[in-house]
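Good morning, and thank you for coming. Please look at the sequence and the structure that I am about to show.

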Amino acid sequence: MVHEWIGQTGHFFVVIAFVAALWATWNYYWASRKDTVDPAGWLKLGRISFGIHSLALFGVVASLFFIIYNHYFEYHYAWSHSSRSLPVHYMISCFWEGQEGSFLIWMFWQALLGLILMKFAGKWEAPVLAVVAFVQVFLVSMILGSIIPGLDLKIGSSPFMLLRDVMEAPVFALNPDYVPEDGTGLNPLLQNYWMVIHPPTLFLGFALTLVPFAYCIAGLWKKQHSDWIRPALSWTSAAALVLGVGILMGAYWAYETLNFGGYWNWDPVENAVYVPWLVLVAGLHMMIINRKNGTAVKPAVLFTIVMFLLILYSTFLTRSGILGNSSVHSFTDLGLSGQLLLYMMAFVVLAGWLVAREWKNMPSTAEVNVYSREFWIFIGATILSLMAFQVLVPTSIPVYNSIASWFGIELNMAPPANPEVFYTNFQLWFAVGLALLSGTAQFFWWQKMDLARLKSALVLPAVVSLIVASMALIALDVKEPKYLVLLVAAIYAVVSNFFVLLGLKHTNLKLAGGSVAHIGIAMILLGILFSSGYSKVISQNSSGLLYSREFADEVNQENVLLWLNEPQKMQQYQLVYKGQFLEANDAPGYIHKQLLRPTDKPDLYIARGDYYYKGKKYFGQGDSVQVHPENTYYRVEYTDAGGEKFTLFPRAQVNPQMGFIASPDIFRGVKSDLYTHVSVVPDPKEPLKWSEAEDQKIKIGDKFFVNDYVAVLEGLQQVREVEGVPLNETDIAVKARIRIMAEGGSEFFAEPVYILKMDEKTSGNLPAVIDDLAVKLSFTAIHPEDDSITISQSKTQKDYIILKAMEKPLINILWTGTLLLVVGFGIAIYRRYSEYKLLQKKGQD
């Protein structure tokens, strides 16, 4: 059954949201004009229309989630991003996995922010909401999915398209109402809790950047060139905080999920978000200068506008498909490139025209003294701009190639071959400059400065910094000169901002936000320095053997081979690979594959025994168990030099589209993390190759060899139930119990079954496979004449993994710095908002 009504409802809400956004723009525009006869009336209409727009957007969100939640796979969006086996929290991830859903969450946040502005923006409501509504017009058009009659021009891509309208499959010719049983599912890499919260956080950050931009445009429009900065300042701080946290969440997801060995890979999509954040922070500092002494209006305007345009540019980069060959996680082109360009150019023209019109009227910044705070903050903003520029230019190489191709030129410029080295070589020195400035400029901020005062203020922090840095050098063995410089600069930033904090405790701790945030940034730099610069591979291949000539050198040299249940030494650790595990929907922990019998459905297994977790039984023998079939976890037990044991479960997936994907598991320590991932595993879809069966005729109590281990037939037992084989009353099934003595005193038991189907006069057997010994035993015949049976044994290659392990020293400093950054921004936002509310009460907003 095709549920067309919900798709039509969702599309109806999209159209309403688009029309209402246009209407709201029109109403708020007239409410903002001085020559309007009835501005209050237009303002009321603006509120009504923006309210309708917001309600309609909430309706769109509800409709799309209803489709996903109810598994309406007749819709292309649900079919291509979801599946029946997904838990509800991953259905939320499905919502924004596709382009249309991510646009939707973006405009949802902006609608919510618009409603908040409607309540609190005061006199700025009309011009600011006019800009917000205008931006919403462009965003809603991205999911409009309508074709202009006569022009055959498609506007937007609707998330409510039916599968039959998107795909030209023969099945729809035979049955237009065909509905697939299941969807293709969520990208396995996105099945992580961080991906439930990281994208909406990032899009909230995107949405927040609109607010200072809207205030800035409103200020230029109304010729209030610096008045917009006060109400925009707390919003700008919030945007910097949320966007920064969103970026760091993505880094943490990459650290936990991807196997490139860290949290940042300089992928173009990562860069596309990093660049506007740098410019946003630079603009924030210009606004702070303005609030301090009324200067820096022009830089504040320029940084705010450029920041928002860079958000639009990053949207174009990631969604136009232009990064398809240079990024692993950009969106594919849905035919929206032209629309995205139009979106970006509209605001380039609007903002450019307003800046050009008002440039001469904006107050200029007077020449600043080298001992003034403005001078050093300008230097800091310049460094942030250079950091952004250095990343932006190489990231845009695919754009240059495309532009050249429009003119018939094959440019074929290539992105940096080793982006990590390329970008780090520049960004490291910019970071040194920022650390030194953030440590020094704070002293300029809180007191009038001259050369004598500067020396007096800096002596103690400099001495303490050098002492701490010297101790760190000795303890942590930092020898690389460039890392040495970064270490000293970052420690100086921490120490000097700490001294500023000490000074503030006697004045006003509400002013502490900047110092706390700067300490957070410096600690992030220290964390990056040690965890990336001194990351150490400890899984070196010391066997002297080449695993395979087909493997890359890195796999042969920096990985350790682990055979199932065979201890292996790796530096200070002893490792034992304990087998393959799965994750179930309704049971916690990891479940050994041997406990589960596969069925025809890849996500459905039958339990071979009872499963307990922390003393509680979750399923019993014969129960159906739904698992996440794309993920296999490889249990690796570590024992360190002190005898302490811990277990890691690195994960691997063999994805039809993405091939072999490995995700790490991490043992978190105070001094360092142990980061482990599998590099090579046997292909799970490749059937085991068994050797030719060897028969042995044995009696109860006889000893014999099973794969070079001593075994004994302990007895025979008639059974009435055989797993997976229905038995009639007349059928006979006999189970042999075989005990195998393996290395280190361990024992294994095999229970192969011989079956006689009396009605059919046939016989068969159910072999017993012992994965740990890579052997299969089959009970193939009974010989009553001499009380013996025939056991056949076949051998295969033992299960194994090839594993890479790295130590990430002092990475906790990075995450602690992130928390301090959040606290610092939080203090600053609270302070700015309190000040603004106070002024609003006095009518000075």
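In which sense do strand 26 and strand 27 pair, and over how many bridges? The model before you is a predicted one, and in it strand 26 pairs with strand 27, residues 775-783, in the antiparallel sense over three bridges. Within this pairing, A768 has L777 of strand 27 as its bridge partner.

Let us now turn to the whole sheet. It is an open sheet of four strands in the order 19-28-27-26, and the pairing is antiparallel. Strand 19, residues 694-699, and strand 26, residues 768-770, stand at the edges; each has a single partner strand, so one side of each is left without a neighbour in the sheet. From one strand to the next, the twist averages 30°. As a general reminder, the strands of a sheet pair through backbone hydrogen bonds, in either a parallel or an antiparallel manner.

My second topic is a pair of helices. Two packed helices are described by the angle between their axes and the distance between the axes. Helix 9, residues 194-221, packs with helix 10, residues 229-257, at an angle of about 155°, and their axes are 8 Å apart. Helix 9 is therefore roughly antiparallel to helix 10, since angles over 145 degrees count as such. The crossing of these two helices is left-handed. In the contact of helix 9 with helix 10, 22 residues are nonpolar, seven are polar and one is charged.

Finally, consider T236, which lies in helix 10. Is T236 buried or exposed? T236 is buried, with a relative accessible area of 2%. The side chain of T236 reaches the backbone oxygen of A232 at 2.7 Å.

Definitions and conventions. Residues are numbered from 1 along each chain as its sequence is written. This is a predicted model: local features need pLDDT of at least 70, side-chain atom pairs count only at pLDDT 80 or more; totals for chains, interfaces and linings use all residues. Side-chain values use heavy atoms; hydrogens and water are left out. Two strands pair if DSSP finds at least two bridges between them. Axes are lines fitted to C-alpha atoms, for helices over the stretch in contact, and angles run from 0 to 180 degrees between N-to-C directions. Angles under 35 degrees count as roughly parallel, over 145 as roughly antiparallel, 65 to 115 as roughly perpendicular and the rest as oblique. A crossing is left-handed if the near helix is turned anticlockwise from the far one by less than a right angle, and right-handed if clockwise. Ala, Val, Leu, Ile, Met, Phe, Trp, Tyr, Cys and Pro count as nonpolar, Asp, Glu, Lys and Arg as charged, and the others, Gly among them, as polar. Buried means under 20% relative accessible area, exposed over 50%, partly exposed in between (1.4 Å probe, protein chains only). A polar contact is a pair of N or O atoms within 3.5 Å; within protein, one must be able to donate a hydrogen and the other to accept it, and residues adjacent in sequence count only if both atoms are side-chain atoms.
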